[in-house]
Amino acid sequence: MIRSLLRPDRRRSRLAEQAPPGPVRDYFAVPLPGSRTVADDLRLLAVDIETTGLDPRRDHILSVGFVPLDGLVIDLSGGTHLLCRAEAEVGQSAVVHGITDDALTAGVPLSEVVERVAAALAGRVLLAHHAAIETEFLSAACRATHGVPFPVEVVDTMELQARVLRSHTGADLPPGALRLATARAHLGLPRYGAHEALTDALACAELYLAQVARLSGGRPVTLKALQR
């Protein structure tokens, strides 16, 4: 309880002391964008994770894709796709994402996946569609490999899409209205193949830019406004 009440900057300082030397500790040492940072100046990292299921307590990360955004520009040169060396069999989840056990034998260890994400996320806000999946799996992975949780600042494009559709909870919308592909189609973006981590990260980044343009009405919009 006491830890959860710490101010975010103090909590990050404490985690930097607890984390082993390396990219995870460095991530905690780099300040995050302030709540008044406007979208034009906001540095984000669009992230997508493919897993064996939805429960970070028993399911496993299979792949991670991410691409940075500097303000309203997507930096394609920073796009990265990582396969995670298998800690368990893929099982029936392969039907969804197409990742096989054989493919994962060429993957990198989970500890390296965590460190690569931490290095790319330093000084940035995590951007994801239904971001609870990414944040919960990353934090569980960081606890397992580095002994500390992985708190992040988040902008969630699924929540932004509910605002685009003038919904307060999403419960009043048709089924599937907030899915990534449906949200992109609503804003006139092209259809991409689903469940490939880097493609989904890029799809999320593009959706975010369209949402900011729609929600801002041409006026500056801050990180705080994007997270409300």
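**Nonpolar cores and the largest pocket**

In this predicted model, the largest nonpolar core comprises 32 residues, and those with the most contacts inside it are Val-24, Phe-28, Ile-61, Val-64, Phe-66 and Phe-150. A nonpolar core is a set of buried Ala, Val, Leu, Ile, Met, Phe, Trp, Tyr and Cys residues joined through side-chain atoms within 4.5 Å, where buried means under 20% relative accessible area with a 1.4 Å probe and protein chains only. Two or more residues of this core come from each of helix 2 (8-18), helix 3 (23-29), strand 1 (43-51), strand 2 (61-70), helix 6 (110-121), strand 5 (125-128) and helix 7 (132-146); helices (H or I, at least four residues) and strands (E, at least two) are DSSP runs, numbered from the N terminus. Helix 6 gives the most, with seven residues. A second, separate core has 19 residues, including Leu-69, Ile-74, Ala-201 and Ala-205.

The largest pocket holds about 840 Å³ of space. Pockets are open sets of points on a 1 Å grid over the protein atoms alone, where a 1.4 Å probe fits, with protein on both sides within 12 Å along at least five of seven lines; lining residues have an atom within 4 Å of a point. The volume is the space filled by probe spheres set on the points, which are joined across faces, edges and corners. Of the 34 lining residues, Asp-48, Glu-50, Leu-180, His-195 and Asp-200 lie nearest the centre of the pocket. Strand 1 supplies the largest share of the lining, five residues.

Residues are numbered from 1 along each chain as its sequence is written. Local features need pLDDT of at least 70, side-chain atom pairs count only at pLDDT 80 or more, and totals for chains, interfaces and linings use all residues, while side-chain values use heavy atoms, with hydrogens and water left out.

Note on methods. Buried means under 20% relative accessible area, exposed over 50%, partly exposed in between (1.4 Å probe, protein chains only).
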